[in-house]
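Below is a set of questions and answers on one protein model. Each answer works towards the value or name asked for.

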Amino acid sequence: MKESPVLNPLRPTVARIDLEALRHNFALAKRLAGKEVPLLGVVKANAYGHGAVSVARVLQQAGAAALGVATPEEGIALRESGISAPILVFGGPFSASGKLLSEFRLSPVLYNVEQIRSLEASASESLPVYLKVDTGMTRLGVFPEEVPEILQAIRLAPHLELAGVMSHLAQADVTFEGPTAEQFARFSEVEKLLRSEMPEAKVFHLANSAAILGGKVGKDDWARPGILLYGSNPHPRFESGRELKPVMHFETAIVSLKEIPVGTAVSYGGTWVASRPSRIAVLPVGYADGYLRSLGNRGEVLLRGKRAPVAGRVCMDLTMIDV
C-alpha cells in the first residue's frame, strides 16, 4: 500500500491515504461505465478531504478525461501544483473574470445570463464553458425550458465556447424510478436540443457515482464519479459497490487509561456516567480533527479490531472511549 507521508509524526493522529485504493476505485468506475466512456473525476473540497493535489495526480495518470472542482480557487491551486488535465468549476465563475479563468485554463459551469455577459465582457480570448441544467436537483442550473434563451446569450458571446452540458441526479442513490427516471428524460431532451442547435457542444454528463454503480451511463455521454472514488458506496443496493476500497484510514492511539468506579461522570456536561466499574481510554483526536462532536455517546471506534463506544462528549482534541 502506497501512502502519503505522515506530516506530523510527533502526534499519533493521522489520516493515511491509500493511493492504490484510489486507482482501484477509478478502474472499477471505468469498467462499470464502459471503457469508451470518458470519466470526470470529482476532486472538490480538497478531494473530499483526501488531498486534492495527490488525488488529482493519480486520476490524471489513470486517464481521467477531466477533473471537477467547486470553486476557481480550487482549480487555481491544482494548476499551480502542475495538474494539466481539463478542470471544470462546478460552482460557476463566482467573481472570477474571463481573463483569470483563461489564464489558468479553467472551464466554468454557467447557469444564468448574467454570468455569460460578465465573462464575455472580461474575456480576452476563447474560453470553454459548460451549461448546468436543473433537471430535478433544485439547486444550481437553468430549467430545461430556459435553455433556448441561454443558448441565444451564448451565441451573442463570441469569446465563450460552449463545450458541454451537465446536470445532477438528486435521488439516484435510492432509486432509478420516479424522479430519477424523470431527470434522465429531461436531460435527454436537452441533449437532443443541444446536439441539434449547437453541435460544437460535445460533452454531456449526468451520471454520478450511483448511476455508474447502477449501470445507468449513456453510451455517448461522460460519467462523473465522485464519492465512489474514495471508497464509499452511495447505497447498499449497489452490489458492485462492495468492490470499492476505502482510500482514507483515520488512525490514532491511546494516550491515557483510567479505572473509574460506578457513578463517575465523563467529559463535558457529565452526559456519560459509569453504570459499572469501567476503564476509560483517552484518544488524542477530536472535533478539531473532523471527528464530529455529535458522535458523543453515539460513535464507535475500532480498537484492535473490536468496537468500543465513545463515552461522553467529544472534545476539541480529545475523545474518551469505554474499553
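Q: Is T138 buried or exposed?
A: The model is a predicted one. T138 is found in the loop between β6 (127–132) and α7. Its relative accessibility is 64%, and the cut-off for exposed is over 50%. T138 therefore counts as exposed.

Q: What phi does T138 have?
A: Most residues other than glycine have a negative phi. T138 is not a glycine, yet its phi is positive, at about 55 degrees.

Q: Which loop holds N297, and how does N297 count by relative accessibility?
A: N297 has a positive phi of about 65 degrees although it is not a glycine. The residue lies in the loop between β14 (278–283) and β15 (300–303). Buried ends at 20% and exposed begins over 50%. At 36% relative accessibility, N297 therefore counts as partly exposed.

Q: Why are the buried residues of α3 on the same side of the helix?
A: Helix α3 spans residues 52–62, and its buried residues include A52, V55, A56, V58 and L59. They are on the same side of α3 because around the axis they cover an arc of only 165 degrees.

Q: Which elements cover the buried residues of α3?
A: The buried residues in question are A52, V55, A56, V58 and L59. Their cover includes two strands and three helices, namely β2 (40–42), β3 (66–69), α1 (19–33), α2 (44–49) and α4 (72–80).

Q: Which residues of α4 are exposed on the other side from the buried ones?
A: In α4, P72, G75, I76, L78 and R79 are buried. Their arc around the axis is only 160 degrees, so they are on the same side of α4. On the other side, the exposed residues are E73 and E80.

Q: What do the buried residues of α4 pack against?
A: Among the buried residues of α4 are I76 and L78. The partners of the buried residues are the helices α3 and α5 (98–103) and the strands β3, β4 (87–89) and β5 (106–110).

Q: What phi do G63 and G82 take?
A: G63 comes just after α3 and takes a positive phi of about 105 degrees. G82 comes just after α4, and its positive phi is about 95 degrees.

Q: How are α7 and α8 oriented to each other?
A: Two packed helices are described by the angle between their axes and the distance between the axes. For α7 (residues 147–155) and α8 (residues 179–197), the axes are 11 Å apart and the angle is about 30 degrees. Angles under 35 degrees count as roughly parallel, so α7 is roughly parallel to α8.

Q: Which hand has the crossing of α7 and α8?
A: The two helices pack with their axes 11 Å apart. Where α7 passes α8, the crossing is right-handed.

Q: How do the residues of the contact of α7 with α8 divide into nonpolar, polar and charged?
A: From α7, the contact has V147, P148, L151 and R155, and from α8 it has V190, L193, L194 and E197. These residues divide into 6 nonpolar, no polar and 2 charged.

Q: What percentage of the residues of the protein chain count as buried?
A: The chain comes to 9 helices and 17 strands. Its C-alpha atoms fill a box of roughly 75 × 40 × 40 Å along the principal axes. Of the contacts with a separation of 6 or more, 58% come from residues 24 or more positions apart. Of the 323 residues, the share that counts as buried is 46%.

How values were computed: Residues numbered from 1 in each chain as written. Predicted model: local features only at pLDDT ≥ 70, side-chain atom pairs only at ≥ 80, totals over all residues. Heavy atoms only, no water. Buried < 20%, exposed > 50% of the residue type's maximum accessible area, 1.4 Å probe, protein only. Helix = DSSP H or I, 4+ residues; strand = E, 2+ residues; numbered from the N terminus. Arc of directions from axis to C-beta. Contact = heavy atoms within 4.5 Å. Axes fitted to C-alpha atoms, helices over the stretch in contact; angles between N-to-C directions. Parallel < 35°, antiparallel > 145°, perpendicular 65-115°, else oblique. Left-handed = near helix turned anticlockwise from the far one by under 90°. Nonpolar A, V, L, I, M, F, W, Y, C, P; charged D, E, K, R; others polar.
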